[in-house]
Structure formats: C-alpha cells, structure tokens
Amino acid sequence: MATMTSLIGLINKIQRACTVLGDHGGEGMSLWEALPSVAVVGGQSSGKSSVLESVVGRDFLPRGSGIVTRRPLVLQLHQTEGGTDYAEFLHAPRKKFTDFAAVRKEISDETDRITGKSKQISNIPIQLSIYSPNVVNLTLIDLPGLTKVAVEGQPESIVEDIENMVRSYVEKPSCIILAISPANQDIATSDAIKLAREVDPTGERTFGVLTKLDLMDKGTNALEVLEGRSYRLQHPWVGIVNRSQADINKNVDMIAARRKEREYFETSPEYGHLASKMGSEYLAKLLSQHLERVIRQRIPSIIALINKNIDEINAELDRIGRPIGVDSGAQLYTILEMCRAFERVFKEHLDGGRAGGDRIYGVFDHQLPAALKKLPFDRHLSTRNVQKVVSEADGYQPHLIAPEQGYRRLIDGSISYFKGPAEASVDAVHFVLKELVRKSIAETEELKRFPTLQSDIAAAATEALEKFRDESRKTVLRLVDMESSYLTVEFFRKLSEQPERSASDKNASDKNAPDRNAPPPGPQNPERFSDYHFRRIGSNVSGYIGMVCDTLKNSIPKAVVYCQVLAAKRSLLNQFYAHVGRQEERLGKMLDEDPQLMDRRATLAKRLELYKSARDEIDAVAWK
C-alpha cells in the first residue's frame, strides 16, 4: 500500500501543476476541481486564521479588523524529512521565503496587487506552498470570512459576493468543508454551519471546529457541541484553543502555542476526557487521514477524468495540428500536405461534394442563353440595314443572282455579336472559381494555423486562374472567329432548293408592306431594290445565325470547362509546386503560425504532459 504521505503529496503536486497551467476551472470539471482539498469556512473573527496557523505551526497570515482575507489562499503543506521550514509562492516560483513575516507581507502585497488597497475582494487565488517536517501533507483553502453587513468602503453587494465565492468552492463534491465556529457564540447562529448544511446536508464532507474555548464565560462549556448532542455531524467535532492576543503581541511561537494548547485540554476538568481528540495537531492528522481515504475512493473517477481530458487534448491537437519540424525537408512536406488538403476541398466544391460548383453550370444554363437572346439581331438584320449592307457590298456593280458579299458582311457582323456573351461566360466562371478558392482556403482546417501559407496559396491559385481565364478567352474568341472564317454552304444550298414565291405574291407583298426607305422608282433593276428581296436576305441570314448560335451555345461551355474548370482541377497549384521547392529560405516563413495558436498548442502540450504524468504517478503510488 502507498503511504499517506506519498499519495497526498502527489495530489498536492498535481494541484500545483494544474494551477500553473491554468487548469483551475472552465467548462465541465477540471482536474484541479476533481482532486480533494479542504476549504476553511467561517465568519469574520471566528478564528480561521489562528486555526490555519496552528495547523501549519507558523505565524504567517495577515491580521487586522474587518475583511483581511480578500482573495482565496490555496495553502499546500508538504512534509519534508528535515531541514529548514520555507515557503514558495506560485507567482514568485524562484524565491524561497524562510522568514514567515515576509510571507505575511507578500500575501498582503499580492492581495493589494489585484484588489488595490481597498476592501474589495477577488476570486483569483493566491497559491502558497509550505515545506516543513512539522506539517502533514494537506491542501487547505482559506476563504474570506462570511459577513452579514457591508461596512464603510465596501460595496453593498459584498455580503452576497463573499458568500457566492465561498459557495463556489464548497459546493464541489470533492471539497472537504472545515466549518469554523467560535465557542463563545450560539452554534445555531454559526455562518459556517449554516452554509455547510445547505451544500452538504448529510454532513459527509463537513468537519466542525470549535474555537475560542478558553474565552467562554465561567461556568459554561461546549461539551454539548463537542460531543455531538447540540448539532451532530458524521465526523467528530474538534476543539481548538487559539493563541491569545497577548501571545500574538509577544510573538509566542506556534510550537509553544501547541504545547500550551495540549496542556489546556489535558488539565481541563470539562474537556480532559476528550483531550486526545482535541487541538490543532489532532485536527491536522484527522484531516490528512480523511483526505487520504477520500483520495483513494476517488482514484477511479480521477483516472477516468484524466483519460477523458487526455483524449480531448489529443483530439484538439490533431485539429489544430501537431508541431512542425525545423528542417527544410519536414517543412516542405508539411507545405505540400497543406496544399493537397486545400486541393481536396477545392475539388469537392467542383464535383458537388460541397456547395458552389453548381454555380458554374448556372452560367451555361441561364446566363449564357439569356445573353444570347439579348443580342441585337433584329436591328442588325432589319430591312433597312440589310439594304444598306447589301448595297454597299455591291459597290458600283449590282449583283447578278445573289448578293454573296452582302450575305457575308451581314453574317460576319452578326457573328461578331457572339464575342460579348462568350467573354462574359469566361469572366463569370472565373469569378466563381475565385470564390471557390477563397471558400476552400477558409474551409481547409489544416491551413488555419498558417496565415502566411494561406496567403501564398491564395495568390498562386489566383494567378493560375488568371492564366486559365486568358487561355479560355482566346479559345472562345477563336470559336467565334472560326464561325466567320468558313460558312456552312449546305445551309444556303438548301435555301436555293426552296420554291420561289410567285411574282404576283411578290407584288402583293410589296403593295401591302411598302418600304419608306426604298429608292425612288426608275429604270433600275427592281429585283435589286425589292423590299421582299431584302427581307428574304435578312431572314436567310437570321436562320444561319440561329444555327451558329445553337452551335456556340454548346461549344462555348465546352471550351470554358476545358480551359478553366478542368485546368483548375488538374493543375491549380502546379506553378506553386514548381517554385516552392526552390524557396528553401522561405519555407519557415510560410509556416509562420498565428502566435495565439502556437501558445494554445504549447499550453495543450504541457497540460497533456501533466495529465499523463499524473495518471502514471497515481497508478504507481496508489496501487503499490
């Protein structure tokens, strides 16, 4: 079996490490809260400070009227094999205090550092460790004394604030309550007992301490309380005789005070039969033994909590990323892994695994057709414009059968309108791809720790998209130009095979739909200037342009997808890969993490080390 000293000493060590790492609360139960400790609770002037000093065997606590303890004092006692007594504060870890008057001053100064020299209180604890052969291993928490009224210089809420602070400690199931009550007051009015009854109604965690037994009126005693008849607890009451004010003024040391206390109980006619179970030395041993039993009972739950915290920390370290090696090979490997992670997310957007890629289809299914419908073919192929273009194309020599040059000019002019929607489709897809790059970078969890690498990848991806857009623009404009460069002759041959309307129909048409822009009548060739003739040319060109429109409506998306979407999917970061290997001196800068993230990882790593060490040491000590 492990000794009581080693087990409680180990818990003290773990509690101290938890406090160093800030594992002192938060969501759920922290390891610090799960480890048992003793909270000293009592009203003002109940003798709390004297009890603590008696247990420690040193005069080290500030004294005075009103609220003296204004911050919780976490007092860890460490039993040593011998040597000089000394103290250490968590906020001054490299400084050993052998003068306990200096310890008292440091407690006051550290309290004022947070609360100022006012009568305000703070829930930020002061951590003090005392090493001595004259103490038992124990963790005690000295809390501000409960009060009923606010005095001058205190806020009206001080009564409630103190009670809430004390309650936040004693409500925890792992907390052992040391309820201090003065013997010269009615136990029914004890603030400490009242609060203990509320948070520990069964009394399993409460130890009652009766102070100032030597100050009771003559002819009275506290036997009914000490023997459990007045107010019964599961654990026996312990009586304490504090140093008198005269002893304090004379600086009577605590060893002498302990001896005087023993003599008081041994020679007391009222309490002599209880002398072996009275006094500060007995109280310290009683608490230490009980604390050791509680620790043993709670070991399975403590180990379970430690394992749970280890799993949570490992999961968070995996999420934010493990530390990176300092050599260039490890750094390059990390950069490439980050790039691949980004590319996976980007491809998921394009392929439908994540939202966004469908917007590219929307460009082809809605935006491009809508733009094609808005092209001004009605104006370009109006009778007036057809007549103008055909007449200009014929020059001084009128065409003989069909105005071929006029047809070609009308078709070229019409096809040129397709360049606008084609380029707009390229730009729209480019915009979507840029947005998907931005979203993919934001959604790549592995990249969040490297803001510089995020910027570099975004810049490289944007540069690649610009090149893909330029190539795509050239391609779609070539498609349009190709439609102008070679006309589909079969379309016009089929037109020539269609039967002509009769001359009477033509004349009727001319009469019913006169063209106010037609040239004046004269000896010129009527075929050349017939309104019907120009409308027929416009209709033929419109039919051909409709065929070209259907072709481009299919070929433009193919070109855009091939030149931009598939290119981005295949080789978005190819240029970045080609250059990053030659930038060895910049690799470290690319992996320059967010300082807050680095601090978070370091804290998690230390906490993980603490938990693993605590688990191993508890296992080793508890089950020997």
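Here are three short exercises on a predicted model, each with a worked solution.

**Exercise 1.** Describe the lining of the second largest cavity.

*Solution.* Start with the setting: the structure holds three cavities of 30 Å³ or more, and the second largest has a volume of about 40 Å³. Next, list the lining: S54, V241, N242, R243, M254, A257, R258, E261 and S280. Then sort these residues by character, which gives three nonpolar, three polar and three charged. Finally, ask where they come from: helix α9 (residues 254-267) gives the largest share, four residues.

**Exercise 2.** Work out how K105 and D109 are paired, and whether each is buried, partly exposed or exposed.

*Solution.* Look at the distance to begin with: the closest N and O atoms are 2.7 Å apart, and the two residues form a salt bridge. Now place them: both lie in helix α4 (residues 100-115), four residues apart, about one turn of the helix. K105 counts as exposed because its relative accessibility is 53%, over the 50% cut-off. D109, at 33%, counts as partly exposed.

**Exercise 3.** Find which helices are linked by the salt bridge between E423 and R473.

*Solution.* First confirm the contact: the closest N and O atoms of E423 and R473 are 3.5 Å apart, within the 4 Å limit for a salt bridge. Then locate the partners: E423 is in helix α16 (residues 419-443) and R473 in helix α17 (residues 451-485), 50 residues apart. Widen the view last: salt bridges that share partners join E423, D427, E466, R469, D470 and R473 into one network.

Terms used. Residues numbered from 1 in each chain as written. Predicted model: local features only at pLDDT ≥ 70, side-chain atom pairs only at ≥ 80, totals over all residues. Heavy atoms only, no water. 1 Å grid on protein atoms, 1.4 Å probe; cavity = no way out; pocket = protein on both sides within 12 Å on 5 of 7 lines; lining within 4 Å. Points joined across faces, edges and corners; volume = space filled by probe spheres on them. Helix = DSSP H or I, 4+ residues; strand = E, 2+ residues; numbered from the N terminus. Nonpolar A, V, L, I, M, F, W, Y, C, P; charged D, E, K, R; others polar. Salt bridge = Lys/Arg side-chain N within 4 Å of Asp/Glu carboxyl O. Buried < 20%, exposed > 50% of the residue type's maximum accessible area, 1.4 Å probe, protein only.
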